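Welcome to a short tour of some side-chain contacts. Please keep the viewer open as you read.

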Amino acid sequence: MTVEYNPFTPEVKADPYPYYAALRKEAPVYRVPGTAMYAVSRYADVAELLTQPELFSSAGMRVMLLGGFGASVGMKAAAGGPSADDAGNGGSALPSPEILAQLSRDLPFSFQELLTSRNVIMADPPGHTPLRGIVNRGFTPRRIAALEGRIREMADEAIHRIRDKREFDLVAELSTPIPVQVIAELLGVEPERRDDFKRWSDAIVAGVSGSAAGTNPPQFISAFGELMQYFKEVVETRRRNPRSDLVSVIVAAQEGETKLTDLEVVMFAVLLLAAGNETTTNLIGNAVLALLEYPDQMKKVRADPGLIPDLVEETLRYDSPVQALFRQVSADAELAGTKLPAGSIVLPLFASANRDEAQFPDPDRFDVERDMKGHLAFGYGVHFCLGASLARLEARVCLEALLAKLPPFRLCQGNVEQIDSFLLRGPRSLQLTWADV
């Protein structure tokens, strides 16, 4: 079999796992045709590169952001994107003059500030360490544990609304609104802006990793500008009148090397909003979809709710909400026998690593009682997801409520469409009805 893998194609996004299996078997480090991007698919190799930030830099995440702004990036070969065969320095270039003019109009900060500002997901040690420390103050185990009661209230309210319906969309009515509301309350912003938050978040995801990523930058820039302007005003308010929320915690970190500019505080808030709802929404949707595809596992979990934490972990392994992220090669390197030139982009495929036969026996089987320890769904090393404990808590509480307080349900749609992203994976909608209807 000849490996043909392009993360931007509809076939791969619909079901990437057969492609991952072929990559692991035949081309564990694979250059995506027409790009300067290398997909890394085996568990050991993904873990190795994630623990070498000095060689595989998170600056690659900045390349992804540039794509949404219409810059020529070394990652697009499909959907009309530019080729990066001749891309140097990771394939990045400035946007067109027209896009630069829109950036100047729509963003509350200059594009140059955006390019040079610090961001925790784009930074490497030692600069990454103090930035990470800032957000860790808002994600202490005690603070996260204290949220369980409030999350349970939200879940119960959602279940109450669903119970009397003949059919319902799990994504629209439970797995989207609850994570958005939780992160909004943590950040100290108005939950009634939930629809705006979701619209902004969806536009950013589509702009940097959807099928048309980089081909419609005006729409991306407009949404990104609205979100940044909103948080700019929130930051200015918190500087004058601090509260006990996460934005105030970040604003308060203003001494020494942790001193942040207004833009850096805004970008922290933008990151927390987008990452804080997309991952958990996909995790809940993927868990329910897996249970529906494996009725024996549904039966086990309904009979023993104590298995729900294991259900969450097996979902993270089996159908990872974050499929991959970007790293940039800092100096000529070699991985699994493949030479990687400096400046090229590597795509560590977390979801493929989590289906690696060498790490997880019979990996394509969904089994809530397997040993799934060591999965890479939240990354590994210094960039391990800081919101992992919150995502696990939200998913557990929502799934407990869903399985304990609703009668058995089934799918009432044919094909389940996935969200438009090659980095994230989850159902766009999940139309359910009761099993006896």
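What follows looks at aromatic rings, charged pairs and one helix in turn. Please bear in mind that this is a predicted model.

**Aromatic rings**

Across the whole structure, a search turns up 19 aromatic pairs. Tyr-17 and Tyr-20 make one of them, with ring centres 5.6 Å apart and planes at 90 degrees, an edge-to-face arrangement. Both residues belong to helix α2 (residues 17-26), where they sit three residues apart, about one turn of the helix. Tyr-17 and Tyr-20 are also both buried. A second pair brings together Phe-197 and Trp-200; their ring centres are 5.9 Å apart and their planes meet at 55 degrees, so this pair is tilted. Here too the spacing is three residues, about one helical turn, this time in helix α12 (residues 194-209). Phe-197 and Trp-200 are each buried. Why does such a spacing suit two side chains in a helix? An α-helix has 3.6 residues a turn, so residues three or four places apart point the same way.

Back at α2, the tyrosines have further company: Tyr-5, Tyr-17, Tyr-20 and Tyr-30 form one aromatic cluster.

**Arg-355, rings and a charge**

Arg-355 is worth a stop of its own. Arg-355 lies over the face of Tyr-17, at 3.8 Å from the ring centre. The charged end of Arg-355 also sits over the ring of Tyr-318, 4.1 Å from the centre of that ring. In addition, Arg-355 forms a salt bridge with Asp-364. Is Arg-355 buried or exposed? Its relative accessible area is 6%, so Arg-355 counts as buried, while Asp-364, at 42%, is partly exposed.

**Salt bridges**

In total, the structure has 29 salt bridges. Side chains of opposite charge can pair when their charged atoms come close. The table shows three of the bridges with their N to O distances.

| Acidic partner | Basic partner | N to O distance |
|---|---|---|
| Asp-420 | Lys-13 | 2.9 Å |
| Glu-400 | Arg-152 | 3.1 Å |
| Asp-364 | Arg-355 | 2.7 Å |

Asp-420 and Lys-13 meet in a salt bridge. Because Asp-420 lies in the loop between β9 (409-411) and β10 (431-434) and Lys-13 lies in helix α1 (residues 10-14), this pair ties together parts that are 407 residues apart in sequence. Asp-420 is partly exposed, at 26% relative accessible area, whereas Lys-13 is buried, at 15%.

Glu-400 and Arg-152 likewise meet in a salt bridge. Glu-400 is found in helix α19 (residues 388-405) and Arg-152 in helix α9 (residues 148-163), so their contact ties together parts 248 residues apart in sequence. Arg-152 is partly exposed, with a relative accessibility of 28%. This bridge belongs to a wider arrangement: salt bridges with shared partners join Glu-148, Arg-152, Arg-396 and Glu-400 into one network.

**Helix α16**

Which residues of helix α16 (residues 295-303) are buried? They are Gln-297, Met-298 and Val-301. Viewed down the axis of α16, these buried residues fall within an arc of 105 degrees, so they line one face of the helix. On the other side of α16, Pro-295, Lys-299 and Ala-303 are exposed. The elements covering the buried residues of α16 include α15 (262-293), α17 (308-318), α19 and β9. Helix α19 has already appeared above, as the home of Glu-400.

Note on methods:
Residues are numbered from 1 along each chain as its sequence is written. This is a predicted model: local features need pLDDT of at least 70, side-chain atom pairs count only at pLDDT 80 or more; totals for chains, interfaces and linings use all residues. Side-chain values use heavy atoms; hydrogens and water are left out. Rings of Phe, Tyr and Trp (its six-membered ring) pair if their centres lie within 6.5 Å; planes under 30 degrees apart count as stacked, over 60 as edge-to-face and the rest as tilted. Helices (H or I, at least four residues) and strands (E, at least two) are DSSP runs, numbered from the N terminus. Buried means under 20% relative accessible area, exposed over 50%, partly exposed in between (1.4 Å probe, protein chains only). A charge sits over a ring if NZ of Lys or CZ of Arg is within 6 Å of the ring centre and within 35 degrees of the ring normal. A salt bridge is a side-chain nitrogen of Lys or Arg within 4 Å of a carboxyl oxygen of Asp or Glu. The arc is that of the directions from the helix axis to the C-beta atoms. Contact means heavy atoms within 4.5 Å.
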